[in-house]
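Q: Could you take me through a close look at the place where the two chains meet? I would enjoy one connected account, with the surroundings added where they help.

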There are 2 protein chains.
Amino acid sequence: MSISAKIIESVPNFSEGRDIEKIERIVQPFRGREGVKLLDYQRDEDHNRCVVTVVGAPEPLKAAVLESMEAAIAAIDMRTHKGQHPRMGAVDVVPFIPVRGISTAEAVEIAREFGRFVGALGVPVYYYEDAATRPERTRLPDIRKGQYEALEAKLKDPAWIPDEGPATFNPKSGATVTGARFPLIAFNVNLRATDVPIADRIARAVRHINGGYRFVRAIGLALEDQGLVQVSLNLTNYTQTPIHRVLETIRSEAARYGVSIAGTELVGPVPLGAFEEVVRYYLRVHNFRMDQIIETALL
Amino acid sequence: MSISAKIIESVPNFSEGRDIEKIERIVQPFRGREGVKLLDYQRDEDHNRCVVTVVGAPEPLKAAVLESMEAAIAAIDMRTHKGQHPRMGAVDVVPFIPVRGISTAEAVEIAREFGRFVGALGVPVYYYEDAATRPERTRLPDIRKGQYEALEAKLKDPAWIPDEGPATFNPKSGATVTGARFPLIAFNVNLRATDVPIADRIARAVRHINGGYRFVRAIGLALEDQGLVQVSLNLTNYTQTPIHRVLETIRSEAARYGVSIAGTELVGPVPLGAFEEVVRYYLRVHNFRMDQIIETALL
C-alpha cells in the first residue's frame, strides 16, 4: 500500500497476433511485477496484432515496457508479417497515457526516454501526439501511411528522418511510433428516437469539428436492435471538456426534438479523475476533493 | 501495487488526550506498516481522548490495532482519568468499518476476533452496532451509560455480563466496546433561504425517524454568516439509501417553498463505492461498474 501516487498507462501494440508462445514472451514482463498491473491484452489473428493495456507507477511500468519491447524485437520478423491492421514495425505503437498525478509533459518525457532506448537498439522511432516534434507527425495514420512496405523509401526522404535511431531501414523490426496522449473516454448516449438524422445533428452540435466542444469527437448512428439511436462520443480531454457538460448539452439539444435519453454507456477503462467534475456538478458539492475518497489515500 | 482488494477502516478511540509521549506510543503501530495507512489522528485535551482513523487490508490492520491497543492498555490508567467526553475504558471504543470488498459479516468477524483478544488480556468487552449480541447493546451510549465510574457495579448486573473477557472490574483498563458499522457519510445541503423552519421541514421529510429514508439522520440549522440555511445529514448506509436519492428529494421538497440549492458539502472521508450510484444515476450509465475505473484495478 506504499504506492506511488503517480500512475501512468501504456497500450503497446505488437505485430504478432497468431503465435501464442511469442505473445506470451512479449506479455510476460507485465506479469507479477511490483508496481505494474496488466489490465488486458487482446490478440487478433486477422489483424495479426496484439494490444496490451497496462498501468503502473512510472519507473516499473517503463522497465516492463522496455523488457516487453526487447522480447518483441527478438521474436517478431516483419519480413514475414501479414495482417489486416495497418502497421509499420514489430513494436508498432506505444502510447503513454497519464492516469493520475502525471502531467502531459511528464508523460512526454517518459515516451522520449522509451524512444531513445528503442532508437539505441537500431530501430527508427517517430514521436506522435503530445510528443510530436512536427505538426505533420501528430497523427498516427499520417506517420504510418504506406505502412512497413513503404518504410525503406520513406526513411530516405528528409521529411521523414526519424526522431530517434538510425535513418536506415531495419527490415526485421521496421519502425516504432511512441508518444503521449490524454486518456480517451468512450461515451455513448442512447436516445429514444429512431431517426438517425436527429442523432447526427446532436453529434454535430457537440463535436469540435462542427463548432462544438474542443475535446469531443462524435457521430450519430442507429441501434436497430434496440429501436434507438446513439450519439457515440470520444472525449479526448475530460479535464477541459468534462463528461457532464457534454451530456447536459446532448440532453438539451435532444429536447428540441422531444427526444429523451434512454441511457448511456461508458466503454472500457475510465480514470477516476474523470468523475471528479461529475460528482461536483451533480451533487453540487463545489469544494469536493478527490483525496476525500478513502481509496485514493491508499494510492 | 499488489494490494488486497479488501479494505477496512478502524477508528479506535483512546482515553488519553494530553500526554503526547503516550499518544505517540499508541499511534506508532499504525506508522510505516505495509498494508496500513494512518489517515488521521486527533487528540483533545479537554476530552482527554485521542481518535485515530486508519485504513488497510484486514490482516495488517487488525495486527496494527491489536498492537496499538496493547500499548494503550499499558500506558493508560483509568483510575486517574478525567475528561469531558463519555468513556468507559482505556481503549474505549474500536469500530471496524467496511470500505471496499468487505461484507458487514466479515467486519463483524474482525471485530469479534479483536474482542476475543482484548478479553483474553483481562478486559471486559461489549459488542455494539452490527456486532451486538443483544438489541439493548446496539447503541454505544446505552452500553456506556454511567461511564467508567459505574462499571464496577454494572459488571455485577447479569444484564451486563460482558461479551468477552472477565465479568470482573479491571480498574486500570475499564472496559472496551468494539463492533462493526457501515461507513457514515456526512452530507450537508445548503439552501437559498434564511428561515430555519424550511430546513427543518425538509430534514423531517427525508429522515427515518419522521417517516423518511431508512438510513438518514438529519437536522435543519441556520448558516448565519452565509445567509443560508442547511439540512445537515448523516447517511448511515449509502448502498441502501444512496446520496443522489436524498439530494433529489431535498431538491424537490425545497422547490415547494421556491427554495433552491446553493451548494452541498461532503465532510471528511467517503468510500469510493458511495459514488457508484451517483455516477450511474446522473450520467444515466445504467451498466457502469466500479472496476472500469482504472485506479480501482490497482487496489
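A: Happily! In this predicted model, the contact between the chains involves 43 residues of chain A and 43 residues of chain B. On the chain A side, several elements each supply at least two residues: the strands β1 (7-10), β3 (36-44), β4 (49-56), β5 (91-100) and β11 (261-267), together with the helices α7 (243-255) and α8 (276-282). The element that gives the most to this side is β11(A), with five residues. Sorted by class, the side of chain A that touches chain B holds 27 nonpolar residues, nine polar ones and seven charged ones.

How the two copies are arranged comes next. Chain A can be superposed on chain B by a rotation of 179° with 0.0 Å of shift along the axis, and the RMSD is 0.1 Å. The two copies are therefore related as by a two-fold rotation axis. Both copies use the same surface, since 100% of the contact residues of chain A recur in chain B.

It also helps to set the elements against the domains. Chain A is divided into domain 1, residues 7-180, and domain 2, residues 185-298. Their C-alpha centres lie 30 Å apart.

Now for a helix pair within chain A. Helix α1 (residues 20-27) packs against helix α2 (residues 58-75) at an angle of about 155°, and their axes are 7 Å apart. Because of that angle, α1(A) is roughly antiparallel to α2(A). From α1(A), the contact draws on A:Lys22, A:Arg25 and A:Ile26, while α2(A) brings A:Ser68, A:Ala71, A:Ala72 and A:Ala75. By class, this contact has four nonpolar residues, one polar residue and two charged residues.

Finally, here is a single residue in the other copy. B:Ile102 sits in the loop between β5 (91-100) and α3 (104-120) of chain B. B:Ile102 counts as buried because 22 other C-beta atoms lie within 10 Å, and the cut-off for buried is 20 or more. Leaving aside residues up to four places away in sequence, B:Ile102 touches B:Lys6, B:Ile8 and B:Ala107. B:Glu265, in contrast, is 163 residues away from B:Ile102 in sequence, and the C-alpha to C-alpha distance between them is 27 Å.

How values were computed: Residues are numbered from 1 along each chain as its sequence is written. Chains are lettered from A and ligands numbered from 1 in the order in which they are written. This is a predicted model: local features need pLDDT of at least 70, side-chain atom pairs count only at pLDDT 80 or more; totals for chains, interfaces and linings use all residues. Two residues are in contact if their C-beta atoms, placed from the backbone, lie within 7 Å. Helices (H or I, at least four residues) and strands (E, at least two) are DSSP runs, numbered from the N terminus. Ala, Val, Leu, Ile, Met, Phe, Trp, Tyr, Cys and Pro count as nonpolar, Asp, Glu, Lys and Arg as charged, and the others, Gly among them, as polar. Domain bounds come from an automatic or database domain assignment. Copies are superposed by least squares on the C-alpha atoms of residues with pLDDT of at least 70 in both. Axes are lines fitted to C-alpha atoms, for helices over the stretch in contact, and angles run from 0 to 180 degrees between N-to-C directions. Angles under 35 degrees count as roughly parallel, over 145 as roughly antiparallel, 65 to 115 as roughly perpendicular and the rest as oblique. A residue is buried if 20 or more other C-beta atoms lie within 10 Å of its own, exposed if 12 or fewer, and partly exposed in between; C-beta atoms are placed from the backbone.
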